[in-house]
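Reader: I'd like to learn how to read a model like this one feature at a time. Could you walk me through it?

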Amino acid sequence: YWAQKGEVKLNMFRKRATAPKAGEKPLPVLFLIHGSSNSSRTSFDLATPGHGEYSVMNVFANWGYDVWTMDHENYGRSTHRDSTNSDIASGAEDIKAGMQVIVKETGQQKAHIFGESSGAIRAGLYASMEPQHVDRLVLGAFTYKGDNSPTLAERGKQLEFYKTHNRRLRDRAMIRSIFTRDRPGTSDPALGDILADEELKFGDQTPTGTYLDMTSKLPLVDPKKVLCPVQLIRGEYDGIATMADLMDFFNQLPNGDRQFAVLPGMAHSVVFGLNRQVFWHSMHGFLSQPQPTGTKS
């Protein structure tokens, strides 16, 4: 599938176990939003022979969801433009374009949305822009103001570079570091090379926009404007945001239907952790819970 954002074409991908027959209830839609360094399919549909299941798309399709993902501008199979850096605002517009395709193809006005890392910031901003299209929102490895963040403090040393360059190096060593920077041993180190083999097909450069935003422009999401039910998911050892930072965001959410889940033995990427089954269980429980009495769907 392709979404259109002005002159930009955004590649979308869909998985579902079975299509509902005429007259059957439509499948719940889940839209997965990737982060700063890797594209959608390598993030959420990576094949890892001999290392177990890591495809979030496979897992949730088998659980009865209509699962979608999308390459943001300048990522993967989507349009690449040297003149743009794919910042958070651009990513929210990408989601807006992708939702138009999902509404058209599924006939449903709302989707559950999961975003990880900067994808969570994109998803949170989008939810504040178009609340009519968001059912439940799950924010993994999210950061609000970024106060006392070890990862952002280190990343901020390159702020001047991000201000003057639309691309940064994203080579095999950088991809491997995703699995070791917070807490070695929380993920299978072999995944670094498996992921790099797939992602480097798209080149060793990736946009700087989200890094620039996260080191100089936070906060980018106003929790008071996120009206839908929200689940915050944080790996126990994630260095991108402190518990205090996330609790500040969580306490300001206006919807009483909200959860904060801390996943044991996990670091930044809950998608690729050894305990990823805990992430699947936590998100599935939130997305499938009964509608609370006295609230509107």
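Author: Sure. Let's begin with what a pocket is: on a 1 Å grid over the protein atoms alone, it is an open set of points with protein on both sides within 12 Å along at least five of seven lines. Keep in mind that this is a predicted model. Here the largest pocket has a volume of about 350 Å³.

Reader: Which residues are the closest to the centre of the largest pocket?

Author: E154, R155, Q158, Y162 and Y211, out of 13 lining residues. As for the elements, at least two lining residues come from each of α5 (150–155), α6 (159–164), β7 (167–169) and α7. The largest share belongs to α5, with 3 residues.

Reader: And how many cavities of 30 Å³ or more does a search of the whole structure find?

Author: First the idea: in a cavity, a 1.4 Å probe fits but cannot get out. The search turns up 3 of them at 30 Å³ or more. The largest cavity holds about 240 Å³ of space. Its lining has 17 residues, and G35, S36, N38, S117 and I178 lie nearest the centre.

Reader: Next, salt bridges. Which residue does E154 pair with?

Author: The rule is a side-chain nitrogen of Lys or Arg within 4 Å of a carboxyl oxygen of Asp or Glu. E154 pairs with K157, where the closest N and O atoms are 2.9 Å apart. K157 counts as exposed because its relative accessibility is 60%, and the cut-off for exposed is over 50%. Across the whole structure, the search finds 17 salt bridges.

Reader: What about R172 and D197: how far apart are they along the chain?

Author: Their side chains meet in a salt bridge at 2.8 Å, N to O. The two are 25 residues apart, so this pair links distant parts of the chain, with R172 in helix α7 and D197 in helix α8. Both are partly exposed: R172 has a relative accessible area of 28%, and D197 has 43%. There's also a network in which salt bridges with shared partners join K5, E7, E73, R81 and D94.

Reader: Is D45 buried or exposed?

Author: Buried, because its relative accessibility is 11% and the cut-off for buried is under 20%. D45 forms a salt bridge with R41, at 3.2 Å from N to O. R41, at 26%, counts as partly exposed.

Reader: How should I read the packing of a helix, say α8?

Author: A general point helps: an α-helix has 3.6 residues a turn, so residues three or four places apart point the same way. In helix α8 (residues 190–199), the buried residues are L191, G192, I194, L195, A196 and E199. They pack against α1 (40–44) and α7 (172–177).

Reader: Which residues form the nonpolar patch on the surface?

Author: M243, M247 and V262, with about 210 Å² of accessible area together. M247 sits in helix α10 (residues 243–252) and is partly exposed at 30%.

Reader: Last one: what backbone details should I look at?

Author: Check omega and phi. The peptide bond from L218 to P219 is cis, with omega near 0 degrees, and P219 lies in the loop between α9 (209–216) and β9 (230–235). Positive phi turns up at S86, near 55 degrees, and at N148, near 60 degrees; neither residue is glycine. S86, in the loop between β4 (66–70) and α3 (88–106), is buried at 4%. N148, in the loop between β6 (134–140) and α5, is exposed at 71%.

Conventions
Residues numbered from 1 in each chain as written. Predicted model: local features only at pLDDT ≥ 70, side-chain atom pairs only at ≥ 80, totals over all residues. Heavy atoms only, no water. Buried < 20%, exposed > 50% of the residue type's maximum accessible area, 1.4 Å probe, protein only. Helix = DSSP H or I, 4+ residues; strand = E, 2+ residues; numbered from the N terminus. Contact = heavy atoms within 4.5 Å. Patch = residues over 30% accessible without salt bridge, like charges linked within 9 Å, V, L, I, M, F, W, Y side chains within 5 Å. Areas by Shrake-Rupley, 256 points an atom, 1.4 Å probe, with all protein chains shown as cover. 1 Å grid on protein atoms, 1.4 Å probe; cavity = no way out; pocket = protein on both sides within 12 Å on 5 of 7 lines; lining within 4 Å. Points joined across faces, edges and corners; volume = space filled by probe spheres on them.
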